[in-house]
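User: Could you take a close look at the ligand site in this one? I'd like the contacts and what surrounds them.

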Amino acid sequence: MTSNLNGRTALVTGSTDGIGAAVARTLAAAGAHVVISGRDTARGEKVAAGIAERGGRADFVRADLSTGAGVRDLAAAAHRLAGGPLDILVNNAAMLLNPTPTADVAEEVIDGALAVNVKAAFLLTGLTAPAMAERGGGAIVNLGSISGLFGSGGSALYSTTKAAIHSLTKSWADEYGPSGVRVNTVAPGPTFTDKVAEMADHLAPLIATLPSRRPSTPEEVAKAVLFLVGDDAANIHGATLSVDGGRSAI
Ligand SMILES: NC(=O)c1ccc[n+]([C@@H]2O[C@H](COP(=O)([O-])OP(=O)(O)OC[C@H]3O[C@@H](n4cnc5c(N)ncnc54)[C@H](OP(=O)(O)O)[C@@H]3O)[C@@H](O)[C@H]2O)c1
């Protein structure tokens with residue numbers, strides 16, 4: 001696998017923690033200048049410092065993606081740091097939601113999840129992909145989920161936001177592909193970030209059904225992102241790469 005990202009700038013949303021932080025570290029290790037973002041400055045600066053300690057290049061930009069203004073500010077800052085169009089955008093930030101019966105989901109939670117999980121990716125892609133297209137190329141990876149592929153009682157809201165992401169990838173592949181901008185989805189199954197590992201007992205029944213019989217690591221998900229943004233994936237558009245221990249196969 002080539003995965004030489006020297007000279008490319010990547011914006012990874014939600015990279016102060018979890019899968020996004022692993023993606024940021026992985027893209028930086030492949031040579032990319034990575035723009036890390038999220039709301040938590042202390043965690044974001046720590047991820048950036050860790051990358052710098054390993055000889056990589058990273059900048060943290062604080063961003064709250066629950067508002068359009070926050071998304072626009074992040075896009076402007078990332079373009080400034082890149083010195084022009086971004087080469088890579090990873091739409092990763094999302095609110096993970098505890099299972100809740102539909103009737104009990106508060107309206108502000110619905111609005112918040114749709115804003116962060118769907119609207120932010122929609123706006124950010126609109127703010128970055130046209131400049132990539134004008135320059136003649138770029139790569140966008142959206143983080144979907146097995147939750148976006150299957151029905152799941154108690155997780156209707158989260159599943160809906162992830163299904164929207166899967167749909168957006170296909171529409172954007174069609175919209176931007178002719179201009180050289182590739183858009184793909186990485187769809188994780190249960191992935192043991194520090195936060196998700198705390199729910200290990202709750203996830204055990206699901207994990208027991210996986211062909212692999214184990215959760216993914218954030219680094220395994222990050223490697224799928226690395227493949228899709230790199231030149232080895234040059235003719236892959238609109239695809240979903242599942243990193244789910246085989247859940248989507250059964
Ligand atoms: N972990 C899994 O098992 C799993 C499975 C399938 C799919 N996924 C998908 O993978 C992606 C990453 O999940 P994860 O488990 O790594 O989540 P996570 O550990 O909760 O991290 C979420 C990231 O999003 C950021 N974020 C949340 N709300 C934000 C907001 N309003 N504005 C800006 N940033 C915000 C957080 O940063 P701050 O806290 O600093 O704001 C954090 O960096 C998500 O798209 C998720 O749907 C995860």
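Analyst: Sure. UniProt, in an unreviewed entry, puts the feature "domain: Ketoreductase" at residues 8-189; such positions are given in the numbering used here, feature names are shortened, and annotations may be inferred rather than shown by experiment. Keep in mind that this is a predicted model, where local features need pLDDT of at least 70, side-chain atom pairs count only at pLDDT 80 or more, and totals for chains, interfaces and linings use all residues. Residues are numbered from 1 along each chain as its sequence is written, and side-chain values use heavy atoms, with hydrogens and water left out.

Over residues 8-189 the chain is 49% helix and 19% strand (DSSP runs, numbered from the N terminus: helices are H or I, at least four residues, and strands E, at least two).

Now the ligand. There are 31 residues around the ligand, and Thr16, Arg39, Asn92, Tyr158 and Lys195 come nearest; to be near, a residue needs a heavy atom within 4 Å. That shell divides into 12 nonpolar, 12 polar and 7 charged residues (Ala, Val, Leu, Ile, Met, Phe, Trp, Tyr, Cys and Pro are nonpolar, Asp, Glu, Lys and Arg charged, the others, Gly among them, polar).

As for atom pairs, a polar side-chain atom of Tyr158 lies 2.6 Å from a ligand oxygen. For Gly14, a backbone N or O atom sits 3.0 Å from an oxygen of the ligand, and a side-chain N or O atom of Arg43 is 3.2 Å from a ligand oxygen. The protein covers 94% of the 900 Å² of accessible area that the ligand has on its own (Shrake-Rupley method, 1.4 Å probe). Helix 1 (18-29), helix 5 (156-176) and helix 6 (194-197) are the elements that give two or more residues to the shell.

Definitions and conventions. A polar contact is a pair of N or O atoms within 3.5 Å; within protein, one must be able to donate a hydrogen and the other to accept it, and residues adjacent in sequence count only if both atoms are side-chain atoms.
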